[in-house]
Amino acid sequence: MNFHILTLFPEMVEQGLNTSILKRAREASLIGVHAVNIRDYTLNKHGKTDDYPYGGGAGMLMQAQPVYDAYQAVIKKLGTSQGQKTRVVYLTPQGKTFTQKMAQDFSREENLIFLCGHYEGIDERVLEEIVTDEVSIGDYVLTGGELAAMVMIDAIARLAPGVLNNEESARTESFHKDLLEYPQYSRPETWRGREVPKILLSGDHKKIEAWRLEQSILRTEKKRPDLYGKYLETQALIEELSENKLIHMDMIELLRRGEAEFLVKDGEGVLLSPKGTEIAMLYCRNEAAGRRILETFARKDPGTVRNFVAHQTFMFPVLREETGWEEEIVCRQAVYTRGVTLPVGKGLEIRKLTEEYAEFVGNHYDLAGDLCYVRQRIRAGVMYGAFVDGLPAGFIGEHEEGSIGMLEVLPAYRRKGIGAALEAFYVNKMLAEGRIPFGQIIKGNDASMKLQEKLGFRISRDTLCWFSKK
Ligand code: ADE
């Protein structure tokens, strides 16, 4: 991912974003940081980029021309097809306050342009012409946008694939979302008469984990009552969904992992979306609540959702008949609740697939729909292949909402336990990540049902239904 920063002080951002983790990421070409000096683009022969504001007032204003030409230079470098759709972030105290959620959203972009203002601001006309997002890093005024851009870039870059090593990213993937970090201690055991909590020296990892969670909860309640309120709300929802755990496991897992974005909250149900996807998942206690949620959602921003998952059968006809959703797939949910790892068997090589296998997967798996989706899943690092004598014999992956799927074994390799081995492998991977493995079985797929049962999955009695637009 590439950051292009339009600034009058390129050395400031170049240096500021060239230490530690970001330096390592730049050297490994995982991210690119390109400062563009606005002054290089002024047509003024004295190199001026600012002038007095019309109508009078204190200070100087950055002029439109050099800013626009610096922007155009970046667009030209990116090529029009990429450049035209590149988001331009203007750092200003008038913008939306930057959050982790926004960082996640921005981290999905291939390129981002940051515009740093100075003096009393920038001529409004160029802002209208090029800016897509106005962002502030807090309610205070800095002397320029550079520090704010650096804060944003740091928070976004650490989310780019590969920037954090496993150990670092595992911490960010902790399930303690909406909770503050627990207190941490290092050597010595006693410092100025203060002791490390005894439990941390016990070696009992289960107890340590429980203690840390308790500390996180206590801290959040004390220091951030706003976050604590959100945490309690999510816990209550998880509890309610757990009354019929099997059919709601997709939603429960998203909530547990802090990966759910709330589209609509209602006293009697919820519509949520796996972050970064065009999927909406509906849970409602009764049909009236379901209809109410759908109406609220229709007034908001339904254009961003392409797939709708209804978890209550009484909502199927409502969605089918009244809201214009067309295709539908009815599934049962299979959930692996045992928590013990499964034997994968020996002699089969299973490894992460790289993009060169996208077409191979696409050719053997109908439901992948388009190659774009397969590529996206491979890039997310969640597609694995089984290899026999170096040749690909089958594959498995994880869908964007977190279910195990896309399991396929090539005809020549069937009846050798390769499907079961792939699935066992993926179950173990999820267990190691502290997740509850689940998959969705399309009604009528008896082969898949048999395999899930054999592996010890529990199958939901109820069905859920995926609706999508053609
Ligand atoms: N420029 C000046 N102050 C700022 C702030 N608080 N956030 C973003 N950009 C700024």
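Mentor: A residue is near a molecule if one of its heavy atoms lies within 4 Å of it. Keep that in mind as we look around the ligand in this predicted model.

Trainee: Okay, which residues surround the ligand?

Mentor: The ligand is surrounded by Leu-91, Thr-92, Pro-93, Val-135, Ser-136, Ile-137, Gly-138, Tyr-140, Val-141, Leu-142, Gly-144 and Ala-148. By class, that shell has 8 nonpolar, 4 polar and no charged residues.

Trainee: What makes the pair formed by Thr-92 and the ligand a polar contact?

Mentor: Set the value against the cut-off: a polar contact is a pair of N or O atoms within 3.5 Å. A backbone N or O atom of Thr-92 lies 3.2 Å from a nitrogen atom of the ligand, so the pair meets the definition. Try Ile-137 and Tyr-140 too: a polar backbone atom of Ile-137 is 3.0 Å from a ligand nitrogen, and for a backbone N or O atom of Tyr-140 the distance to a ligand nitrogen is 2.8 Å.

Trainee: And how much of the ligand's accessible area does the protein cover?

Mentor: On its own the ligand has 260 Å² of accessible area, and the protein covers 95% of that. The elements giving two or more residues to the shell are β5 (87-97) and β7 (133-136), and β5 brings the largest share, 3 residues.

Trainee: Let's move on to helix α11. Why is α11 described as largely enclosed by the rest of the structure?

Mentor: Count the buried residues: 10 of the 12 in α11 are buried, so the helix is largely enclosed. Among them are Leu-246, His-248, Asp-250 and Glu-253.

Trainee: How do you know that α11 spans less than a straight helix would?

Mentor: A straight helix of 12 residues would span 16 Å, but α11 (residues 245-256) spans only 13 Å between its end C-alpha atoms. After α11 comes Gly-258, with a positive phi near 70°.

Trainee: What makes Ser-20 count as exposed?

Mentor: Exposed means over 50% relative accessible area. Ser-20 has 59%, so it passes. Ser-20 sits in helix α2 (residues 20-27), and its phi is positive, near 50°, in a residue other than glycine.

Trainee: How do you know that Arg-415 is exposed as well?

Mentor: Same test: the cut-off is over 50%, and Arg-415 has 88% relative accessibility, so it counts as exposed. Arg-415 lies in the loop between β18 (404-409) and α16 (418-432). Its phi is positive too, about 65°, although it is not a glycine.

Trainee: Now a strand. Why is β12 called mostly covered?

Mentor: Buried means under 20% relative accessible area, and 6 of the 6 residues of β12 (residues 279-284) are buried. Both faces are covered: Ile-279, Met-281 and Tyr-283 are buried on one side, and Ala-280, Leu-282 and Cys-284 on the other.

Trainee: How do you know that β11 and β12 pair?

Mentor: Two strands pair if there are at least two bridges between them. Strand β11 (residues 269-274) and β12 have 4 bridges, in the antiparallel sense, so they pair by that definition. Leu-271 stands opposite Leu-282 in β12.

Trainee: In which sense does β12 pair with β13?

Mentor: In the parallel sense, over 4 bridges, with β13 covering residues 307-310. There, the bridge partner of Ala-280 is Phe-308.

Terms used. Residues are numbered from 1 along each chain as its sequence is written. This is a predicted model: local features need pLDDT of at least 70, side-chain atom pairs count only at pLDDT 80 or more; totals for chains, interfaces and linings use all residues. Side-chain values use heavy atoms; hydrogens and water are left out. The expected span of a helix is 1.5 Å times one less than its number of residues. Buried means under 20% relative accessible area, exposed over 50%, partly exposed in between (1.4 Å probe, protein chains only). A polar contact is a pair of N or O atoms within 3.5 Å; within protein, one must be able to donate a hydrogen and the other to accept it, and residues adjacent in sequence count only if both atoms are side-chain atoms. Accessible areas come from the Shrake-Rupley method with a 1.4 Å probe; for residues, only the protein chains shown count as cover. Ala, Val, Leu, Ile, Met, Phe, Trp, Tyr, Cys and Pro count as nonpolar, Asp, Glu, Lys and Arg as charged, and the others, Gly among them, as polar.
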